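Hi,

Here is the structure I said I would pass on. Have a look at it first, and my notes on what turned up follow below.

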Amino acid sequence: MHASVSEILSTPAVLPLRATRDLSDEHRGEIAVLDHTGDTKLVWDRRNAPEVEAARATFDALKRQGYLAYSVSKAGDRNEVLREFDPDAEAIILSPPLAGG
């Protein structure tokens, strides 16, 4: 059985990433996780290996749940689909799978 998104985002490894961080854009990594409750921002310091690994683990867990991942610039002027975690992406958006009819 898969873990729910709230369970993934509540794990001890992820919780430090949810804190508000005052990092320069040069060192700041960010994931926005979209779900039925809105969005949750996860922020990590690219210089901090444990934080990068926690962000990678979160990305991988959500991808296993079927989430779609996009790399976007902070200005919103470029984007691409991500199949693997990119710690150097300006921002990553993870969106739940879309259901069609």
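A residue is called buried here when its relative accessible area is under 20%. By that cut-off Trp-44 is buried, and Phe-85 is too. Keep in mind that this is a predicted model.

Those two rings are a good place to start. There are 2 aromatic pairs in the structure. One of them joins Trp-44 and Phe-85 in a tilted arrangement, with 5.6 Å from centre to centre and 45° between the planes. Trp-44 sits in strand β2 while Phe-85 belongs to the loop between β4 and β5, so the pair ties together parts that are 41 residues apart in sequence. Add Phe-59 to Trp-44 and Phe-85 and you have one aromatic cluster.

What does Phe-85 touch, leaving out residues up to four places away in sequence? The list is Ile-31, Trp-44, Val-52, Ala-55, Arg-56, Phe-59 and Ile-92.

Now the core. The largest nonpolar core counts 22 residues, and Ile-31, Val-33, Trp-44, Phe-85, Ile-92 and Leu-94 have the most contacts inside it. At least two residues come from each of α1 (5-9), β1, β2, α2 and β5. Helix α2 gives the most, with 6 residues.

On to the sheet, which is open and has 5 strands in the order β2-β1-β5-β3-β4, with mixed pairing. β2 (38-45) and β4 (79-82) are at the edges with a single partner strand each, so one side of each has no neighbour in the sheet. From one strand to the next the twist averages 25°. β1 (residues 28-35) pairs with β2 in the antiparallel sense, over 8 bridges. Within that pairing, Arg-28 has Asp-45 of β2 as its bridge partner. Helix α2 (residues 49-64) packs on the sheet and touches β1, β2, β3 (68-72), β4 and β5 (91-95). The direction of α2 makes about 145° with that of β2.

One last residue to look at is Pro-87, which is also placed in the loop between β4 and β5. Is Pro-87 buried, partly exposed or exposed? Its relative accessibility is 23%, so Pro-87 counts as partly exposed. Not counting residues up to four places away in sequence, Pro-87 touches Trp-44, Arg-46, Val-52 and Arg-56. The C-alpha atoms of Pro-87 and Arg-28 are separated by 9.6 Å, with the two positions 59 residues apart along the chain numbering.

Cheers

Notes. Residues numbered from 1 in each chain as written. Predicted model: local features only at pLDDT ≥ 70, side-chain atom pairs only at ≥ 80, totals over all residues. Heavy atoms only, no water. Pairing = 2+ DSSP bridges. Helix = DSSP H or I, 4+ residues; strand = E, 2+ residues; numbered from the N terminus. Axes fitted to C-alpha atoms, helices over the stretch in contact; angles between N-to-C directions. Contact = heavy atoms within 4.5 Å. Core = buried A, V, L, I, M, F, W, Y, C linked by side-chain atoms within 4.5 Å. Buried < 20%, exposed > 50% of the residue type's maximum accessible area, 1.4 Å probe, protein only. Phe/Tyr/Trp six-rings, centres within 6.5 Å; stacked < 30°, edge-to-face > 60°.
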